[in-house]
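Q: I should like a close look at a single part of this model, with attention to how its side chains pair and how they are placed relative to the surface.

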Amino acid sequence: MSNVPDSAPREPKPALVFDDPLDQQSSDDTDRGWGERPSGDSAADLKRFLDEKPPHHV
């Protein structure tokens, strides 16, 4: 076993952030994504409905 230090540079450790998470706006604080229907055809809607339906509802 050798005591020679590695010559490869190490990545710096991530810094700790002590910001207040309640000061930041979350995605729930906006109206985006609430009730908008994506534009698409009815065949795509049916496929999505069938894909997301639980197996006991088939």
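Which side chains meet in a salt bridge of 3.3 Å, N to O?

A: The side chains of E52 and R48 form that salt bridge, with a distance of 3.3 Å from N to O. The model is a predicted one, and the pair is best read in the setting of its helix. Both E52 and R48 belong to helix α1, and four residues, about one turn of the helix, separate them. Helix α1 covers residues 42-52, and the chain has one helix and zero strands. E52 counts as exposed because its relative accessibility is 54%, and the cut-off for that class is over 50%.

A further pair is found in this helix. K47 and D51 meet through their side chains in a salt bridge, at 2.8 Å from N to O. These residues, too, lie four apart in helix α1, which is about one turn of the helix. K47 and D51 are both exposed. The count of salt bridges comes to two. As a general matter, side chains of opposite charge can pair when their charged atoms come close.

Helix α1 also bears on the nonpolar surface. L46, which lies in helix α1, joins F49 and L50 in a nonpolar patch on the surface. Together, L46, F49 and L50 have about 310 Å² of accessible area.

The chain as a whole gives the context for these details. Of its 58 residues, 2% count as buried. Its accessible surface comes to about 6500 Å², and carbon and sulfur atoms account for 55% of that area.

In summary, helix α1 holds the salt-bridged residues E52 and R48 as well as K47 and D51, and L46 of the nonpolar patch lies in this helix.

Notes:
Residues are numbered from 1 along each chain as its sequence is written. This is a predicted model: local features need pLDDT of at least 70, side-chain atom pairs count only at pLDDT 80 or more; totals for chains, interfaces and linings use all residues. Side-chain values use heavy atoms; hydrogens and water are left out. Patches are made of residues with over 30% relative accessible area and no salt bridge: like charges are joined within 9 Å, nonpolar side chains (Val, Leu, Ile, Met, Phe, Trp, Tyr) within 5 Å. Accessible areas come from the Shrake-Rupley method with a 1.4 Å probe; for residues, only the protein chains shown count as cover. A salt bridge is a side-chain nitrogen of Lys or Arg within 4 Å of a carboxyl oxygen of Asp or Glu. Helices (H or I, at least four residues) and strands (E, at least two) are DSSP runs, numbered from the N terminus. Buried means under 20% relative accessible area, exposed over 50%, partly exposed in between (1.4 Å probe, protein chains only).
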